[in-house]
Amino acid sequence: MFVNEADNPKYSVVVPFHNEQESARELYQQLSSVMTGRYEPVEFIFIDDHSMDSTNQVLIELAMSDPRVVVIRLKRNYGQTVALAAGFDYAEGDVIISMDGDMQHDPADIPQMLAAFEETGSDIVSGWRKKRVDNFLLRRAPSRIANWLMSQLSGVAIHDFGTTFKVYRKDTIKQIKLYGEMHRFIPALASWNGATIVEVPIKNIVRPGGRSHYGLSRTVRVLFDLLTIRFLLKYVTRPLHFFGPIGLLSTTVGLAINIWLLFDKMLYGTALFDQHGPLMLLGAVLILAGVQLVSSGLIGEMLSRTYFESQGKPIYSIEKVITTRNASATRS
């Protein structure tokens with residue numbers, strides 16, 4: 001039996017979909033079976049990341065048959081991070097659960113994750129695919145290296161940053177703005193705000209289709225996001241502390257080179273342009289680079305202050321929202 005539409009949901013289940021027509025209905029049925037009766041009131045936030053198959057039609061049918069389902073269709077394919085951001089923005093529950101829409105996550109793991117959430121009082125419960133079923137060379141080995149790097153650079157001691165299967169306290173996830181491929185760095189971003197995080201082993205199921213939407217090409221993007229996260233965690237409020245030392249070192253080395261060349265000219269009459277032209281050029285470039293780096297740090301200081309004082313804007317554009325929770329089923 002569905003909950004009263006007037007009840008504010010305690011739990012929100014956020015699931016992004018992209019071309020998942022085969023799994024959408026089955027995943028909903030499994031989620032409904034787990035959540036109904038035990039974890040209510042609940043809402044299901046299904047984000048269609050502009051699927052090209054019949055995923056959207058399947059999700060609309062679910063929304064028409066269950067007032068707990070809210071379908072958000074994005075105007076174009078933004079990617080998983082932005083789809084999750086849209087779902088988090090629309091979620092109203094005090095406890096927010098996120099997972100993939102390709103059936104690789106088992107809804108039956110939700111009770112143990114929620115139990116850990118309640119018992120530990122943590123802000124985030126993160127799934128840990130302790131026993132991976134992916135190809136070792138193409139998936140598991142790169143993932144292990146990436147997770148180790150993320151843990152070392154972020155200072156967050158968890159084993160699996162890559163999984164979307166997590167439980168969040170509402171206040172924790174609402175504070176985080178997501179960009180790029182940064183959904184996997186949510187624990188690191190949350191820890192910067194003082195959030196507590198625990199890991200719970202979850203099942204790692206072979207996708208029904210047997211194929212991931214992501215390939216090795218994602219590694220480069222993840223690397224850049226990892227560098228961004230490292231900068232954000234340590235220097236976002238003090239960028240001059242990052243650029244300043246590098247700029248000062250560069251300027252000092254450049255000045256040292258040119259001062260030595262000047263003394264060499266004065267003491268020995270060396271023809272600098274003939275004998276030390278490249279070295280003079282290097283010194284000048286280092287001085288110029290140093291000045292630019294320090295200037296970048298100062299500009300960064302001003303931009304960081306502007307960022308923290310400004311209002312955040314959505315990073316997505318919604319085509320429509322479908323739900324029968326209110327009198328109006330569709331909001332454009």
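Okay, one definition before anything else: when I say buried I mean under 20% relative accessible area, exposed is over 50%, and partly exposed is in between. Keep in mind that this is a predicted model.

Let's start with F263. At 48% relative accessible area, F263 falls between those cut-offs, so I call it partly exposed. F263 sits in helix α9, which covers residues 240–268. And F263 has company: together with L255, I259, L262, M266, L267 and Y268, it makes a nonpolar patch on the surface, adding up to about 810 Å² of accessible area.

Now the helix itself. α9 has 29 residues and runs 40 Å from its first C-alpha to its last, close to the 42 Å you'd expect at 1.5 Å a residue. What about its buried residues? Those are G244, G247, S250, T251, G254, I257, L261 and D264. As a reminder, an α-helix has 3.6 residues a turn, so residues three or four places apart point the same way. Right after α9 comes G269, with a positive phi near 65 degrees.

On to the aromatics. Searching the whole structure turns up six aromatic pairs. Take F88 and Y168: their ring centres are 5.5 Å apart and the planes sit at 75 degrees, so this one is edge-to-face. That pair links distant parts of the chain, with F88 in helix α3 (residues 80–90) and Y168 in strand β6 (residues 166–169), 80 residues apart. F88 is buried at 3% relative accessible area, and Y168 is buried too, at 2%. Elsewhere, ring pairs join F17, Y28, F44 and F46 into a cluster.

Last topic, charges. How many salt bridges does the structure hold? Nine. One of them is R68 with E40, where the closest N and O atoms are 3.6 Å apart. R68 is in the loop between α2 and β3, and E40 is in the loop between α1 and β2, so this pair ties together parts 28 residues apart in sequence. R68 is buried, at 2%, while E40 is partly exposed, at 26%. R68 also forms a salt bridge with D66, at 2.9 Å between the closest N and O atoms, and D66 is buried as well. So you can think of E40, D66 and R68 as linked in a network of salt bridges.

Then there's D48 with R73, closest N and O atoms 2.5 Å apart. D48 is in strand β2 and R73 in strand β3, so that pair ties together parts 25 residues apart in sequence. D48 is buried at 0%, and R73 is buried at 10%.

Methods. Residues numbered from 1 in each chain as written. Predicted model: local features only at pLDDT ≥ 70, side-chain atom pairs only at ≥ 80, totals over all residues. Heavy atoms only, no water. Patch = residues over 30% accessible without salt bridge, like charges linked within 9 Å, V, L, I, M, F, W, Y side chains within 5 Å. Areas by Shrake-Rupley, 256 points an atom, 1.4 Å probe, with all protein chains shown as cover. Salt bridge = Lys/Arg side-chain N within 4 Å of Asp/Glu carboxyl O. Helix = DSSP H or I, 4+ residues; strand = E, 2+ residues; numbered from the N terminus. Buried < 20%, exposed > 50% of the residue type's maximum accessible area, 1.4 Å probe, protein only. Phe/Tyr/Trp six-rings, centres within 6.5 Å; stacked < 30°, edge-to-face > 60°. Expected span 1.5 Å × (residues − 1).
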